[in-house]
Amino acid sequence: MANTKKGGSDSADRSKLKVWLDGRLMNYYDAKVPILTHSLQYGSGMFEGIRAYETEKGTAIFRLKDHVKRFFRTAKIYQIDLGYSESAIEKAIIECVVQSRLSSCYIRPFAFYNSDRVGLATHGTDVSVYVAAVPFGAYYGKGRDSGIRCKTTTWRRINSEILPVEAKGSGNYLNSLMAHKEAIRSGFDEAIMLSAQGRIAEGPAENIFLYMNDYLMTPDYSADILIGITRDSIIEIARSIGIEVLEVEMHKEELYTADEVFFTGTAAEITPIVNVDGVDVGDGKPGKITKRLAREYTDVVLGKNSRFAKWLTYI
Ligand SMILES: Cc1ncc(COP(=O)(O)O)c(C=O)c1O
């Protein structure tokens with residue numbers, strides 16, 4: 001197994017953190033919910049995952065507006081009235097990071113049914129919204145640089161006849177979790193899920209890219225993927241440096257024949273995949289294009305590429 005430590009460096013003491021809950025900022029440990037909270041029982045919460053980076057010009061949140069837009073899109077799909085405007089949630093996110101005194105972090109906006117009645121029905125149930133932020137390192141630890149080993153799992157990615165795949169609903173992640181557990185149990189670092197039709201879909205919380213025959217390729221929407229914001233960033237960055245990108249259907253065996261494979265995600269950033277199902281990708285080391293794109297991405301999130309300054313919100 002590669003030398004990875006999954007979960008980032010999120011072991012931080014929470015006692016100095018502030019949480020924004022329903023319009024009020026409070027100490028992390030003062031934000032409480034009853035154990036029978038609907039969204040704990042039924043997985044009916046919904047969320048976003050955002051990163052803020054420490055740049056030379058101070059802390060910058062990466063693609064804040066796009067993440068907040070996706071948060072509202074998820075709410076629309078799951079028919080939850082958040083009770084706030086997009087700009088109010090953007091302000092709450094900024095306030096939470098500033099008041100928690102974090103120069104770089106992972107930010108988690110979350111909406112949930114706060115009723116503690118037993119029963120699935122949600123009509124007449126209040127919705128709560130919180131924003132929390134925690135210090136967070138590389139999601140795959142050293143694997144972010146040295147690469148990770150993945151397993152294509154027997155658990156297929158949910159499809160939109162079962163659950164809305166474009167929404168970040170908590171319940172969707174039980175599918176991701178089953179795939180992840182299978183991969184770990186089998187001695188791998190992470191899962192790659194195929195779609196119900198057997199096409200390459202994505203990781204449990206990551207989109208996937210393959211580089212082969214001088215093209216960068218990533219599954220299109222028909223593979224029931226979550227439309228990742230990092231995926232979109234990498235497509236734009238790659239095109240800006242002259243790499244041709246295709247959004248296409250791909251078969252599982254292309255994971256074995258590709259020159260390079262990597263994951264993208266807010267948490268995972270750009271993580272090389274060096275082995276799939278025991279088969280080395282290329283020569284079993286992170287490839288040149290992957291490393292180049294990872295460097296470009298780092299420059300972009302750290303505000304060192306003026307072309308993409310539009311994606312940073314300095315706070
Ligand atoms: C299922 C799934 N796919 C892909 C991604 C990557 O999306 P993003 O780049 O917006 O973080 C995530 C993370 O949010 C995810 O949960």
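What distance separates the centres of domain 1 and domain 2, taken over C-alpha atoms? In this predicted model, the separation is 26 Å. The domain assignment places domain 1 at residues 18-134 and domain 2 at residues 143-301.

The two domains touch through a contact that takes 20 residues from domain 1 and twelve residues from domain 2. On the side of domain 1 that touches domain 2, the elements that give two or more residues are β3 (46-47), β4 (50-55) and α2 (64-77). Of the elements on this side, α2 gives the most, with five residues. Sorted by class, this side of domain 1 has eight nonpolar, seven polar and five charged residues.

The surroundings of the ligand were examined next. The ligand is surrounded by 14 residues, of which Leu226, Gly228, Ile229, Thr230 and Thr266 are the closest. Two elements, α6 (229-240) and β14 (260-265), give two or more residues to this shell. Helix α6 gives the most, with three residues. As for the character of the shell around the ligand, three of its residues are nonpolar, eight are polar and three are charged.

Strand β14, one of the elements that give two or more residues to the shell, was then considered in its own setting. Six of the six residues of β14 are buried, so the strand is largely enclosed by the rest of the structure. A residue is counted as buried here if 20 or more other C-beta atoms lie within 10 Å of its own. The residues of β14 point in two directions: Glu260, Phe262 and Thr264 point one way, while Val261, Phe263 and Gly265 point the other way. The residues of both groups are buried.

The pairing of β14 with other strands was also determined. Strand β11, which covers residues 207-212, pairs with β14 in the antiparallel sense over five bridges. Within this pairing, Tyr211 has Glu260 of β14 as its bridge partner; Glu260 is also among the buried residues of the strand. Strand β15, which covers residues 269-276, pairs with β14 in the antiparallel sense, again over five bridges. Here the bridge partner of Thr264 is Ile270 in β15. Thr264 points the way that Glu260 and Phe262 do. The connection from β14 to β15 is a hairpin of three residues.

In summary, β14 pairs with β11 and with β15, and β14 also gives two or more residues to the shell around the ligand.

Terms used
Residues numbered from 1 in each chain as written. Predicted model: local features only at pLDDT ≥ 70, side-chain atom pairs only at ≥ 80, totals over all residues. Near = placed C-beta within 6 Å. Helix = DSSP H or I, 4+ residues; strand = E, 2+ residues; numbered from the N terminus. Nonpolar A, V, L, I, M, F, W, Y, C, P; charged D, E, K, R; others polar. Buried ≥ 20, exposed ≤ 12 C-beta atoms within 10 Å, placed from the backbone. Pairing = 2+ DSSP bridges. Domains from an automatic or database assignment. Contact = placed C-beta atoms within 7 Å.
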